[in-house]
Amino acid sequence: MALDYAKCAKEIFEGVGGRENLVSAAHCATRLRLVTVDNSKFDMKNLENIEGVKGVFSNNGQLQLIIGTGTVNKVYEEFLAVSGMTAATKEDVKAAAAAQQPLIKRMVKALGDVFVPILPAIVASGLLMGVVEALGKIESLHFSETAWYGFLDMISNTAFAFLPAIVAISAARVFGGNIFLGAVMGLMMVHPGLINAWNVGSVDVVPTWNLFGDWQIGDYVVGSVNQVGYQGHVIPVIIAIWLMCQIEKWLHKHVPEMIDLFVTPITTVFVTALATFVVIGPVFSLAENYVLKFAAWIVQNPFGALLLGAIYPLTVVMGLHHMYNTIEAGMLSSVGLNTWMPIASSANFAQFGACLAVGIKTKKGKTRSVAVPSSMSAALGITEPAIFGINFRFMKPFICAMIGGACGAIFGAVTKIGATAYGVTGIPGFLTINNLAVYAIMLAISGGVAFILTFFIWKEEAEELTPEQAAALAGEAEGASPAGEIPAIETRDNLIYAPLKGNVIPYDQIPDPTFASGVLGKGVGIEPDVGEVVAPFDGTVSSVTDTKHAIGISGPQGMELLIHVGVDTVNMNGDGFEMYVGEGDAVKAGQKLITFDIEKIKAAGYSPTTAVLLTNSDDYEGFRIAKEGNSDTLEPVVEI
């Protein structure tokens, strides 16, 4: 029986709490995307029971209801009618969802968005600075007396000397302002006409501009501006650019178009500059100095380091760890040494140790296939796969890693080591640290403690068999398998498994410009060894092609996967292909979906490379390719 679209839309509308609980609504190929005011006003289970809704989940502040290809658009039209809302784009919904996040998370996300893009510049400068300083300390080389030393020192210092300008450009992009106006403001704060902040101590009297004469309030001269730059500061820059963007946006809305080009830029720069040098700069640079002094004290205090080394991974879980970039950048700008890095590196390397212990101790092939590569990633400073895939999932390894991180952090605090860059931890941290031997010992402590504790404390729990699994095993013991049944396969909801055997390549190497561009989503290509496609996870078939060469599957956590066998094989009109499922069918991981003739595809002049693309990959911040090279069917190839 055909779905009653109006009834489905009305039940969804009532189920989420009505119009007063809705902020925005949009849809994509298979899902209805909603942003609500209060998630406590609806029950996920009740929404899942609505006829036509195949699944419900919440992701990045969005409530997403899986309805299916060809159906969701009709339900969406009815939903707009019953709710009285207007249509929105996916981007509108994402923006609305972000606006619903708590203020602290929005602020931390903004800081991360500002500092993460400038990491390459900081890392490059920090690495070069470390090399130059190391060579300069070797007296036998006399390198510090050469022209090369001066030249390389200039190159390595540039990013830090003009850090306010780099931060300003990035902040203007994040806050939606003109990046060139942002650049002007950033450069203005380190203008050569101002006394360099690093040299102000050598000046007997700091000159000032009294912009409003001698008008005083107590001892304060109103409008007095110290002629000192803001080298070594980042917080005043970010706040100044945020204000600049608000002023610019307001002016664009209220200034007539015919004079907007002239009035808006000059007014924006003038008002922002006045506010920055009179209020924002003096107030927040002072506040930043206190914050940095406190941070420097606490990371070199054994008790403070112990606490920070332990809780650092918790901030990663909560998505708050990017706030440390602000502190690290400030340390580098003010004193040239990032003493926060050993804390982060200890915590991250401890995740490596705990995850590796799980990978070695586990008896489950699937767990090992996730744990070992995830631990290697953590050793290089990328801990999310280890944390979310193994340690936090089993919890005891996560706690052991917290203890290991605390132990390493204490050692780092006592030895007072530091780095010349930020954003680099783990093994790559050797390139920026100021004492290689001490750093190596610190990593050995953090990773070793976490490994030993996890190995002896964590025990793998035996999973209870369902009646179906027990029956399947009994059938295997008797030399037979239940006819028509798909054996249960252990899978994880954040993994996409290889739907066929072959050589796995990144999606951008698929020999088709459309697939390789990522416009249809990110994923992998598989050069097949066998002509059989199976379901890569438990899910629902959302679409099949008449030519039997492609299939869409909706899976856990709202994944929308496209499996497209061959390049341009639509031109074969189904010759050499056989489809075993239909739209709307529920499928289990490992279930046969398509068979195809590899040689027939090649004979027709087409590549058999199969695209396995997550069409909504932009929804997952943690998307990564988990494996390349030769792969068996149902090995993990993509992680979200």
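I took two strands as paired if DSSP finds at least two bridges between them. The model I consulted is predicted.

**Entry 1: a sheet.** With that criterion I looked up β20 and found that two bridges join it to strand β22, residues 636–639, the two running antiparallel. I noted one bridge by residue: Ile 625 has Val 638 of β22 as its partner. I then traced the sheet, which is open, has three strands in the order β9-β22-β20, and pairs them antiparallel. Because β9 (495–497) and β20 (624–625) each have a single partner strand, they stand at the edges, and one side of each is left without a neighbour in the sheet.

**Entry 2: nonpolar cores.** I looked up the largest nonpolar core and recorded 33 residues, with Ile 551, Leu 593, Ile 594, Phe 596 and Leu 614 having the most contacts inside it. Among the elements that give two or more residues to this core I listed β14 (550–554), β18 (592–596), α21 (598–603) and β22. The largest share, three residues, comes from β18. For Ile 551, leaving aside neighbours within four places in sequence, I found contacts including Val 541, Leu 561, Met 579, Leu 593 and Ile 594. Another core, of 32 residues, lies apart from this one; Ala 110, Met 129, Met 244 and Cys 245 are among its members.

**Entry 3: Asn 338.** I located Asn 338 in the loop between α13 (324–334) and α14 (341–361). Is Asn 338 buried or exposed? I entered Asn 338 as buried, because its relative accessibility is 0%. A polar atom of its side chain lies 3.0 Å from the backbone nitrogen of Trp 340, and the side chain of Asn 338 also reaches the backbone nitrogen of Met 341 at 3.2 Å. Leaving aside neighbours within four places in sequence, I noted contacts of Asn 338 with residues including Glu 328, Leu 332, Gly 418 and Tyr 422.

Terms used. Residues numbered from 1 in each chain as written. Predicted model: local features only at pLDDT ≥ 70, side-chain atom pairs only at ≥ 80, totals over all residues. Heavy atoms only, no water. Helix = DSSP H or I, 4+ residues; strand = E, 2+ residues; numbered from the N terminus. Core = buried A, V, L, I, M, F, W, Y, C linked by side-chain atoms within 4.5 Å. Buried < 20%, exposed > 50% of the residue type's maximum accessible area, 1.4 Å probe, protein only. Contact = heavy atoms within 4.5 Å. Polar contact = N/O pair within 3.5 Å; in protein donor to acceptor, adjacent residues only side chain to side chain.
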